[in-house]
Each structure stands twice: as structure tokens, then as C-alpha cells.
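Visitor: Please take me through the interior of this protein. I would like a close look at any enclosed empty space, and at the packing of the nonpolar residues.

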Amino acid sequence: MRVLLVEDDEMIGQSLKQALGANGWSVDWVKEGLLAQSAMADGGYACVLLDLGLPKRDGIEVLRKARSVGDHTPVLVLTARDGIDERITGLDVGADDYLVKPYEFRELLARMRAVIRRRDGSAHSVIGGADVQLDLTTREVLVQGERSQLSAREFALLHALLERPGAILSRDQLESRIYGWGEEVSSNAVDVLIHGMRRKLGADTIRNVRGLGWRIAASGPMPAAATTTAPAGSTP
């Protein structure tokens, strides 16, 4: 899934981008507030990691502007501003969570998963229906109760489709969720991913709507057992 990283410190930004990439995230990194505002307006992010002390426009103003125009993308503030007044301001302006530097990377990943689950309207780490579920914690797909591991791009594609079951997503919409800025995308990249996913999920699970895109049919609710979260020691 794509994440927008807004961080002006070169060392912190580079380190975070590498670590997130190694954990399957596609990262777009900007270093100042006006570019952050423009990137958020373009949309397509699972969440935003927002520093506050930014050149050109402070992070609080970036966040205030995004919320004022109805942008509901989850925003996790990452900042050295640790005063209670700063935390209250950040949350009141519209941050979904607030993490003070320095922090443990594992905690950051857990908080990212949490704000994305809340955006999806679920307190659980599994989304989907009775036929196909996606475990956001272990990055596994469950088909009729059988688990299979997914690559980072397979996970991002399936997450995009399961967020809106029944909705048709175009090639451009899927590419925007899977690939970050500067990544070269071949003309048949989505087709290749979907071909591989059909082998794991079943040929009729992801359906092509000619000339429009792809969709996963809406299905019944998940069985109760599927909504349990993964064990504490599971891979992020």
C-alpha cells in the first residue's frame, strides 16, 4: 500500500523510507509543507506520516487544510513536539494518532495498521467477506479458511479491491495504490499481478469488466472466527 511520508530531516526520511519499503509499503516522500499539501490533494494514500516542523508550511496547517476540504486519509503525526498542548492541537485539528520522536519502528507499524483499520470501519485486523479475507497484520489471504502469503504488491492490490467490494477499479486506480513515485510501471503490470492472484484465490474471484477495470464481487459477512486478530508475535 502507498504511504505519504512528510519529513524534512534527510537522515530520518531516508531511514523511514527504506524501513517501510522493506515492510512492503510503497513510499512517496516529500520534505516540505506545500508539496505535502499538493500530494495529499492528489490522494490515493492508505495513510500519511506527517512531521510538524516543516519548511514553507507547518504540518499543522497542512493537516488543517486537508481536513477543511474533506480529506479523510488517516494521518499519523510523527514529531519531536512532545508538549501536551501540541498533542492536543494536533489531535483536535484532525490527526488520527500522534507519535513522539524517538519511537520504536514496530510501534509505528502497529499504529499505522490501527488507523487504517479505523478508516475501514473495523476494529479487527481482517477485512473481506465470507469467501475471501485479508489479514492486515500477517499480510495473508484467507480463502475458505486456508491461509496463503502475499507479496507486497499482491497485498496492496487485494486490499484496494476488498476496501470496496463490488466496485470497479480502473488500471490507473490500482496502479496508484501499488506503485510509488518514480517506480517504472510496465503496461501489463496489473494484468500479471491479477493473473497470479487468480491462481491463489480462484479464477472467478477477481473479475474483469471489459474496458473499465476489475472488481471483487460483494459477498456475505465474515464468519465470526475470521475476525480474531493475529497472535502478538505475528509478523507486522
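Guide: What follows covers the cavity, then the nonpolar cores. The model is a predicted one.

Start with the empty space. Rolling a probe the size of a water molecule over the atoms shows where such space is left. Searching the whole structure at a threshold of 30 Å³ or more turns up one cavity. The largest cavity holds about 130 Å³ of space. Its lining counts twelve residues. Nearest the centre are M1, W25, R113, L136 and R139. By character, the lining splits into nine nonpolar residues, one polar and two charged.

Which helices supply this lining? Helices α5 (105-119) and α6 each give at least two residues. The largest share belongs to α5, with four residues.

Now the packing. The largest nonpolar core has 46 residues. Six of them touch the most other members: W25, L49, M112, L157, L158 and I206. Helix α6, residues 152-163, contributes the most to this core, namely seven residues. W25 thus appears twice: among the residues nearest the cavity centre and among the best-connected core members. Helix α6 also has two roles, in the cavity lining and in the core.

Take I206 as a close-up. Leaving aside residues up to four places away in sequence, I206 touches L157, L161, I194, M197, R198, L201, W214, R215 and I216. One of these, L157, is itself among the core members with the most contacts to other members.

Another core lies apart from the largest one. This separate core has 21 residues, including L63, V77, V93 and V100.

Conventions: Residues numbered from 1 in each chain as written. Predicted model: local features only at pLDDT ≥ 70, side-chain atom pairs only at ≥ 80, totals over all residues. Heavy atoms only, no water. Core = buried A, V, L, I, M, F, W, Y, C linked by side-chain atoms within 4.5 Å. Buried < 20%, exposed > 50% of the residue type's maximum accessible area, 1.4 Å probe, protein only. Contact = heavy atoms within 4.5 Å. 1 Å grid on protein atoms, 1.4 Å probe; cavity = no way out; pocket = protein on both sides within 12 Å on 5 of 7 lines; lining within 4 Å. Points joined across faces, edges and corners; volume = space filled by probe spheres on them. Nonpolar A, V, L, I, M, F, W, Y, C, P; charged D, E, K, R; others polar.
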